[in-house]
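Welcome! Please open the structure in your viewer and keep the selection tool at hand. We will go from stop to stop together.

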Amino acid sequence: MSTLVSVSADETPARRSAAALLWRRLSRNVVSLAALGLLAAVALAAVAAPVIMSYDPDAPDADRALEPPGYRHWLGTDLYGRDQLTRIVYAGRVDLLVALEATAIALSLGAVLGAVSGYRGGWVDQVLMRIIDTVQAFPSFILAMGIAAALGNRMTNIVVAIAITHVPIYARLIRGEMLRIREMEYAEAARTVGNRQRRIIFYHLLPNCFPPVVVQATLAMGFAILTVAALSYIGLGIRPPTSEWGAMTAEGASYIVSGEWWIFLFPGLAIMATVLAFNLLGDALRDVLDPRMKGV
Amino acid sequence: MRRGEGLVVDALVIDDLQMHFPLRSIVPWREPRRVRAVDGVSLRVGAGETLGLVGESGCGKSTLARCVLRLIEPTRGRVLLDDEDLTALPEEALRRRRRDLQMVFQDPTASLNPRLSAAATVEEPLALHTGLTGRARRARVDEVLEEVGLGAGLRDRYPHQLSGGQRQRVNIARAIATRPRLVVLDEPTSALDVSLRARVILLLAELKRRLGMTYLFISHDLSTVRYLCDRVAVMYLGVVVEQAPAAELFEHPAHPYTRALLSCIPEPDPDVVPERLVLSGEVPSPIDIPGGCRLRGRCPLAQPVCAEPVPVREIAPGHTVACHVV
Amino acid sequence: MRDLLAVSDLTVHFDTDEGVVQAVDGATLRIAPGEVVGLVGESGSGKSVTALAVLRLLRPPARVVGGRIELDGRDLLACPEEEMRAVRGSQIAMVFQSPRTSLNPVLSVGHQIERLLVRHGAATPARARGRAVEMLQEVGIAEPERRARQYAHQLSGGMCQRVMIAMALATSPRLLIADEPTTGLDVSIAAQILDLLRDRGRRTGAAILLITHDLGVVARLCDRVVVMHAGQTVEWAPVRGLFHAPAHPYTRALLRSIPRVAGAGDMEPIPGWVPSLLTPPPGCRFARRCALVQADCAVSVPVRVVGTDHRVACVAVKAS
């Protein structure tokens, strides 16, 4: 009996948890660290905005209109004398929030559709995928524009518009993973043990479909920000006086000729830097998650 | 074998089971060709008995296992677990009956959900089928983990933190947690390294002895089958060609296929050179199977009569063969 | 007669996230021309790494830390890469475990053999096709002309392995390394493949290094056997000597742990666990699992002669 029961806990050294491994590999790459740092800074600034920003983003100050970047206003002021730096940080909250919400909704809906579609197959799969195809057939920005125009400029509607255009990506991704995973033996084991189908799909299999989705979601966040910025730029997005990077860039466009370059440049840079950071993070995650951690 | 005093009760009866997979034909009105993976198999496993099912790849043994568990629906035939027809059960009733019918899979890594700890994996069947809750359930999980030789310290480990042998033990623990009437084991040691194989085999033997487990043991590894099984059935191209008590089968194999199979096994002894019964060619596709005996094209003992349907004859007590010639 | 291949004191390390894995530690083995040598061990024992080291196919994170590998007296570890390329495939060939994945899936098998023949100068392009079909025939593939036009996925596992063997022997190498060539194949097919290996080996005069964990395969095919455990070579013996008079405690335990068809005897698993190669114990790596362990085992392990051409690396075994 001793040889059987004496499986000591020392037999395999407990390997590091998945999260620790993930962090280790991420932190090796300078670029991904920089991206993470930047995103962390943006997020932190966004959250702490009321505390760290001394100016009121909406309060006009006619004396200080159109001031170039300087000691008192680091990024200058706009036509109404509002501090640009403060506005950009507050705008960050809006943009990030919209991107986050849109991604979360799209992910949830796409996951359910993709999971059911992939596991069930048959006519369920066909019907759902044709619906997804229809949505995907529209150029995503045009579709977002259409929905935003139809529903109106409120933030909720913009979130919905962006979310809808993103659903197909997640649905397909998860469906693909599901097609692969449902053939694995632990999917069969979940059946033999006596689980109901719903639990098999959502408790056992769906969580294992997530690694590629995490990468996609990170990249999509960047894209969502671009979309809301573009929508606002053409006037279909967030309405003033709420500050938003795209709207601010649009405002600033009319001042390029007259020489007040700081009004469009900094919001534009903010968009670019944030989207770039998301992309870099997504790439880094893809490298890390891809072969080493399959199944974790 | 009938239920009654002093007589062995059959835990499992497989009655003329058939599993044909139709191939999609390009011509829609013609009868589609079929892959005849399992083509009329009848077997019995007595309570507490271990039946070994051997055969090479493509013989249908894994498909048969999945039919028994109704993971796929057989095209014909019945599967009786304790006299209850599983093939006729509606889905919910079948799901509940799974408490008594469990499976151990071949690949220890792929058969565990990477996101569930060992304890969570073993706990699930208990949660689904027993009334145990909370502390009582956790205690039972620990008990089962001990039974398979995994210390309680490993209960919170995830599959990637366990070795291959430990994963297979978790697999086994999950299967025996609800004390099922029948455990189907599909090549449970094939993916294991040589040194681990012995431990798992001994574990299975011990569980069988201590808990009175009934096993349907599927394998292509004849030496493991010899060690663990009471009776053995040999499959080829979807049918059972020979059945006998284990010792009898290995000492007096009758069917040419069984003899060929046994003679191919490399024994770890350079002086043992078994007389090779050589089958010519390769295993034909299970799609267009010729009538009569399926071994006909390859068998050195083939005769014209082998084109006729094959009778199943009992040549010794408990020893049946499907062959015209022997 | 000079050895065809002589591996002396080979040590290979792997640099991993978790530290340095000392995969092979002082491995030693010799192969004479034309003989069949089995390299036996469990998975993780370092046998495949040793084979890859011979062919200089190890890439970072693996590093050869010490030792010599001599082919006909020439040190392969010191060879420049262009010379190694000439050695691989023409003097030493290798057959791997999963034949279907070793074959190029987008080229027909005939085409693959033709390219190989032309590259190593074994046939002119004009004659290559005919020669490829001949070779398929020589390895026992029926309808060779038809099969030559087929792709890897259309062939069974056994047939793919035959193709691999054909390709490996195409250039009449002096040494054929076969790494678990029959694992995963059905018993009857495996038997045919082993027969084929022995037959072709004899015909071409090639020596064979057969790497496997299956002692039955070794018994059937090999002239001599080398046993590895946890990266160390522990016993060297002619095949009969190994099975009838195993000397090293690991070999004996291994033989006891296999279930057998001929008479189900006692089966006993090998006690203890394979030591971690990250922090291996000093000296003999079997010591902690060994019933005959002594203090000297952790210090240094002498190689003793226990029979004709039969040597063992063990403190506890007495020389004869």
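## A small step in chain B

Start by selecting B:Leu80 and B:Asp85: these two residues are bridge partners, with B:Asp85 sitting in strand 5 of chain B. Keep in mind that you are looking at a predicted model. Now widen the selection to strand 4 (residues 76-81) and strand 5 of chain B, which run antiparallel and are joined by 2 bridges.

Next, bring in the rest of this sheet. It is an open sheet of 4 strands in chain B, with antiparallel pairing and the order 2-1-4-5. Which strands stand at the edges? Select strand 2 (34-46) and strand 5 (84-85) of chain B: each has a single partner strand, so one side of each is left without a neighbour in the sheet.

## The 8-stranded sheet of chain B

Stay in chain B and pick out another open sheet, made of 8 strands in the order 6-7-8-3-9-10-12-11, with mixed pairing. Its edges are strand 6 (101-104) and strand 11 (312-316) of chain B; each pairs with a single strand, so one of its sides has no neighbour in the sheet. Look along the sheet and you can follow its turn: on average, neighbouring strands are set at 20 degrees to each other, direction ignored.

For a closer view, select strand 3 (residues 50-54) and strand 9 (residues 231-236) of chain B, a parallel pair joined by 4 bridges. Within this pair, click on B:Leu53 and then on its bridge partner in strand 9 of chain B, B:Ala233.

Now add helix 5 (residues 164-176) of chain B. This helix lies across strand 6 and strand 7 (182-186) of chain B, and runs at about 175 degrees to strand 6 of chain B.

## Over to chain C

Hide chain B and turn to chain C. Colour its two parts separately: domain 1 (5-91 + 173-313) and domain 2 (104-172). The C-alpha centres of these domains of chain C are 29 Å apart. Where they meet, 15 residues of domain 1 of chain C and 12 residues of domain 2 of chain C take part in the contact.

Which element gives the most to the domain 1 side? Select helix 8 (residues 187-204) of chain C, which supplies 7 residues there. Colour that side of domain 1 of chain C by class and you will find 9 nonpolar, 5 polar and 1 charged residues.

## Last stop: confidence

Finally, colour chain C by pLDDT: the mean is 88, and 98% of its residues reach 70 or more. For the complex, the predictor gives an ipTM of 0.85 and a pTM of 0.82.

How values were computed:
Residues are numbered from 1 along each chain as its sequence is written. Chains are lettered from A and ligands numbered from 1 in the order in which they are written. This is a predicted model: local features need pLDDT of at least 70, side-chain atom pairs count only at pLDDT 80 or more; totals for chains, interfaces and linings use all residues. Domain bounds come from an automatic or database domain assignment. Two residues are in contact if their C-beta atoms, placed from the backbone, lie within 7 Å. Ala, Val, Leu, Ile, Met, Phe, Trp, Tyr, Cys and Pro count as nonpolar, Asp, Glu, Lys and Arg as charged, and the others, Gly among them, as polar. Two strands pair if DSSP finds at least two bridges between them. Axes are lines fitted to C-alpha atoms, for helices over the stretch in contact, and angles run from 0 to 180 degrees between N-to-C directions. pLDDT is the predictor's confidence in each residue, from 0 to 100.
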